[in-house]
Amino acid sequence: MSEAASASQIARFVGDLRTINVFADLPAEDLEWIAQRMEEVRFHAGEVYGRTGDPADYMIVLFEGELQVERPNAPTLTVEAGHVSGLLPYSRLMQFRGTARAVLPSRLLRLHKQYFPDMLHRSPILGQRLVALMSDRIREITRLETQQEKLMALGKLSAGLAHELNNPAAAARRAAQTLREAMEYVRGVSMKLLQYPVSDKQRETLLQFELELVKGVQSASAYAAAQKDPLEISDREEEINAFLEQHHVEEPWKVAPILAETGVTREKLEGLAAEIGGQLLNNGLRRVSGLITIFGLIQEIDNSTRRISDLVTAIKRYSYMDQAPMQEVDLHEDLENTLKIFGHRLKAGISVARDYDVNLPRVCAFGSELNQVWTNLIDNAIDAMGGKGELRIRTAHELDCAIVEIGDNGPGISAEIQTRI
């Protein structure tokens, strides 16, 4: 390149730098010094400027086009025309942390880091501006990463909530469909019962028997107690089935399991048969089994809808919907609401050990943002344990601070990346 061409090129570089705010008002001799050491580079659309791991040795000033830096598991950074980017003075950046690519035909000037000390010595004001520029860039990257973390937390929250809501919703739907069939069944059996002459005593005995068994189904504790031993239920079912066959009750294989789960005994059935007679026993017991099924389905629907309601309440409290951003929050309640969101993942083989300080006072905090912290910590712990292990949550009160510790019995953080925490 000739001397005249070099001088012309330097003059053009100076003119270009004058269009950039951080260089615009610098003395001509300083700009000329910088321009003399800069190199012009052009890229076609799609051309790669640098890849992950390549040395980051240059400060760049983009005049035309647009660059994008695609980083793994991080937001894409965009450098537009008129911006200064790349390695800046005092930056600890050593290598490209992603793939830098031109998305439009681009033209830039770049300055090697070997000239940084002399440049800062010649123009301290430029150093201050570039440091301020680096601070702005750090804030922008932090904002983008925070936004991505929130979106990731929202994605996990949505997936967990959808999974947790789907089970009770599906159970309620199945129960409602089965309930229609059970109602038709009971109506048909009741119509058959009306065909027989029934005394007041027989009607009262059968009604009392129905009420006794149905109340047992409606009482969750009693119903659970009657079902606690599978072997006992199996033996009772066998005895009841033999009784039903002996008294010619239709479809005994359907009626026996339902009666066995209520805890009724063969002796109780023998007493009923003696009081109402064999003529009413067939349709009477079939009606009772149908009513038990109906009340069991009603209880299932009630439990399912209550579970849905509890989840909706938990998510409202988790997100602090319709509430002030900062307020006094109950850390234990927030931790429990977060655990509910992860219910589907904890069921796979993770036990939760809670060590809560019952005297822990409420704290003034941004509740929804604090819940994102619990979400990330618990999610990381579950991943670290591979879905199986013990999740430990401890709270304590120390001076005027509240302590929350979340741990797991996974392998821990490898030494190679501990410095990045």
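Q: Picture one helix in front of another: the crossing is right-handed if the near helix is turned clockwise from the far one by less than a right angle, and left-handed if anticlockwise. In which hand does H8 pass H10?
A: H8 makes a right-handed crossing with H10. The model shown here is predicted: local features need pLDDT of at least 70, side-chain atom pairs count only at pLDDT 80 or more, and totals for chains, interfaces and linings use all residues. Residues are numbered from 1 along each chain as its sequence is written, and side-chain values use heavy atoms, leaving out hydrogens and water.

Q: What makes H8 and H10 roughly parallel to each other?
A: Their axes (lines fitted to C-alpha atoms over the stretch in contact, with angles from 0 to 180 degrees between N-to-C directions) cross at roughly 20 degrees and come within 9 Å. Angles under 35 degrees count as roughly parallel, over 145 as roughly antiparallel, 65 to 115 as roughly perpendicular, and the rest as oblique. H8 and H10 are therefore roughly parallel. H10 itself covers residues 266-276; helices (H or I, at least four residues) and strands (E, at least two) are DSSP runs numbered from the N terminus.

Q: Which residues in H8 and H10 meet?
A: From H8 come Glu239, Ile240, Ala242, Phe243 and Gln246, and from H10 come Arg266, Leu269, Glu270 and Ala273. Contact here means heavy atoms within 4.5 Å. By class, five of these residues are nonpolar, one is polar and three are charged. The nonpolar class is Ala, Val, Leu, Ile, Met, Phe, Trp, Tyr, Cys and Pro, the charged one Asp, Glu, Lys and Arg, and the others, Gly among them, are polar.

Q: Why are H8 and H9 called oblique to each other?
A: H8 (residues 230-246) and H9 (residues 252-262) pack at about 135 degrees, with axes 8 Å apart. That angle falls outside the parallel, perpendicular and antiparallel ranges, so the pair is oblique. The crossing of H8 with H9 is right-handed. On the H8 side the contact includes Ile233, Arg236 and Leu244, and on the H9 side it includes Pro252, Trp253 and Leu259. Its residues divide into ten nonpolar, one polar and three charged.

Q: What makes H12 oblique to H14?
A: The axes of H12 (residues 331-341) and H14 (residues 367-384) cross at roughly 50 degrees and come within 10 Å. This value lies in none of the named ranges, which makes H12 oblique to H14. H12 passes H14 in a right-handed crossing. Leu331, Asp334, Leu335, Thr338 and Leu339 of H12 meet Leu370, Asn371, Trp374, Thr375 and Ile378 of H14. That contact has six nonpolar, three polar and one charged residues.

Q: Why does Trp33 count as buried?
A: Trp33 has 11% relative accessibility, and buried means under 20%, exposed over 50%, and partly exposed in between (1.4 Å probe, protein chains only). Trp33 is therefore buried. It sits in helix H3 (residues 28-36). Leaving aside neighbours within four places in sequence, Trp33 is in contact with Tyr115, Asp118, Met119 and Arg122. Trp33 and Asp118 are 85 residues apart along the chain, while their C-alpha atoms are separated by 10.0 Å.

Q: What makes Ala81 partly exposed?
A: Its relative accessible area is 36%, so Ala81 belongs to the partly exposed class. Ala81 lies in the loop between strand E5 (77-80) and strand E6 (84-86). Not counting residues up to four places away in sequence, Ala81 touches Leu62, Phe63, Glu64 and Gly65.

Q: How do you know that Cys364 is too far from the closest cysteine sulfur for a bond?
A: A disulfide is a pair of cysteine sulfur atoms within 2.5 Å. The sulfur of Cys364 is 14 Å from that of Cys401, so it is too far for a bond. The count comes to zero disulfides. Cys364 is exposed at 55% relative accessibility, whereas Cys401 is partly exposed at 43%.

Q: What is the phi of His248, and what is the phi of Leu399?
A: Most residues other than glycine have a negative phi. Phi of His248 is near 60 degrees, a positive value, and that of Leu399 is near 55 degrees, also positive. His248 is in the loop between H8 and H9, and Leu399 is in the loop between strand E12 (389-398) and strand E13 (401-408). At 67% relative accessible area His248 is exposed, and at 77% so is Leu399.
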